[in-house]
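Please open the structure in your viewer and keep the selection tool at hand. The tour below proposes one selection after another and states what is to be found at each stop.

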Amino acid sequence: MSRTGAVAYLEDELAAPDVSGSDRLHLVQAPLVPEVRLHLAEDAVVWWARMEAEVGAVLTAPFWATAWPGGQALARYLLDHPLTVAGRRVLDVASGSGLVAIAAGLAGAAAVTANDVDPYALAAITLNARANGVAVTPCPGDLLDGDGGDAEVVLAGDVFYSEAIAKRMWPFLHRAAVRGALVLLGDPGRGYLPADQLTTVASYPAAATDAPMEPQISSISVLQPR
């Protein structure tokens, strides 16, 4: 589906008269970042099942329908340290809901691009940016063979959740750092994180609401390549 079609689908969902239930989207505050409101699913798995039933196709997991802990920590850090992005060109890769990109916009970034391969994520980014009154440019496609282009700051939350993604994501982030971009990651310490090549910039305690699908998480870190 095109991003335009995905936006129309989500807008129809949000306009539906019956907006209650775990299989619906709700505009809520991100737990660690209450300054940001996002259209999220109460239960992303139930939402995913209904979405697939309605469109009659197998769909990518709706990572955009959850405020993941690494993204929350990174967004919190940007709002607490706005000079990190103020006046700078920012790229948020694997943006999902757009939480980190929106936080960068609220912190005063000159331009924010939010990249994701899922058209529904790009649609959610569009609607979430609108709900927060910030300008974010959705960017489709796989950027991981590059180095982030002209972005002065490259951000990535929760991108080390699988070995396959980690093997491509870390070289991308390393190339961005080598060319001079400030690279910041948000992660709760997943197994595929290259921790020995990163420095912790900040750490936040994880409440149960910050990681509903990962209850074993106790803290969330913002990290930078060494």
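**The nonpolar cores**

This is a predicted model. Begin in the interior and select L78, V136 and L155, the residues with the most contacts inside the largest nonpolar core, which has 40 residues. Next, keep V136 alone and display what surrounds it. Leaving aside neighbours within four places in sequence, V136 is in contact with A101, I102, V112, A114, I125 and A129. Now clear the selection and choose L144, V154, W170 and F172. These four are among the residues of a second, separate core, which has 20 residues.

**The whole chain**

Return to the full view and show the backbone as a cartoon. Six helices and nine strands can be picked out in the chain. The radius of gyration is 16 Å, close to the 17 Å that the globule rule gives for 226 residues, so the chain is as compact as a globular protein of that length. Taken along the principal axes, the box filled by the C-alpha atoms is roughly 50 × 35 × 30 Å.

How much of the chain is buried? Of the 226 residues, 52% are buried. Contacts across the sequence may be considered next: among those with a separation of 6 or more, 67% join residues 24 or more positions apart.

Switch to a surface display. The chain exposes about 9800 Å², of which carbon and sulfur atoms supply 55%. Colouring by charge brings out 14 positive and 25 negative side chains; the centres of these two sets lie 7 Å apart.

**Helix α4 and the loop before it**

Select residues 99-106, which form α4. This helix is mostly covered, since six of its eight residues are buried. The buried residues in α4 are L99, V100, A101, I102, A103 and A104. Two of these, A101 and I102, have already appeared as contacts of V136. Just after α4, select G108, whose phi is positive at about 100°.

Move back along the chain to A94, in the loop between β3 (89-93) and α4. Its phi is near 55°, a positive value in a residue other than glycine. Is A94 buried, partly exposed or exposed? With a relative accessible area of 33%, A94 is partly exposed.

**Two loop residues facing α4**

Select V134, in the loop between α5 (119-132) and β5 (137-140). V134 has a relative accessible area of 15% and is buried. Not counting residues up to four places away in sequence, V134 touches I102, G105, L106 and A129. Add A103 to the selection: V134 and A103 are 31 residues apart in sequence, yet their C-alpha atoms are 9.0 Å apart in space.

A67 is the next stop, in the loop between α2 (44-55) and α3 (69-80). At 9% relative accessibility, A67 also counts as buried. To view a second pair, add V100: the C-alpha atoms of A67 and V100 are separated by 9.9 Å, with their positions 33 residues apart along the chain.

**D158 and D187**

Select D158, in the loop between β6 (153-157) and α6 (163-178). D158 is not a glycine, although it has a positive phi of about 60°. At 10% relative accessibility, D158 counts as buried.

Which residues does D187 touch, not counting those up to four places away in sequence? They are G70, D158, V159, F160, L193, I220, S221 and L223. D187 itself is found in strand β7, residues 182-187. Its relative accessible area is 1%, and D187 is buried. From D187 to L223, 36 residues further apart along the chain, the C-alpha separation is 7.8 Å.

**A last stop on α6**

Finish with K167, which has its place in helix α6. Is K167 buried or exposed? At 59% relative accessibility, K167 counts as exposed. Add Y192 to complete the view: K167 and Y192 are 25 residues apart in sequence and 8.8 Å apart in space, C-alpha to C-alpha.

Conventions:
Residues numbered from 1 in each chain as written. Predicted model: local features only at pLDDT ≥ 70, side-chain atom pairs only at ≥ 80, totals over all residues. Heavy atoms only, no water. Helix = DSSP H or I, 4+ residues; strand = E, 2+ residues; numbered from the N terminus. Rg over C-alpha atoms; globule rule 2.2 N^0.38 Å. Buried < 20%, exposed > 50% of the residue type's maximum accessible area, 1.4 Å probe, protein only. Contact = heavy atoms within 4.5 Å. Areas by Shrake-Rupley, 256 points an atom, 1.4 Å probe, with all protein chains shown as cover. Lys, Arg positive; Asp, Glu negative; His and termini not counted. Charge placed at Lys NZ, Arg CZ, Asp CG, Glu CD. Core = buried A, V, L, I, M, F, W, Y, C linked by side-chain atoms within 4.5 Å.
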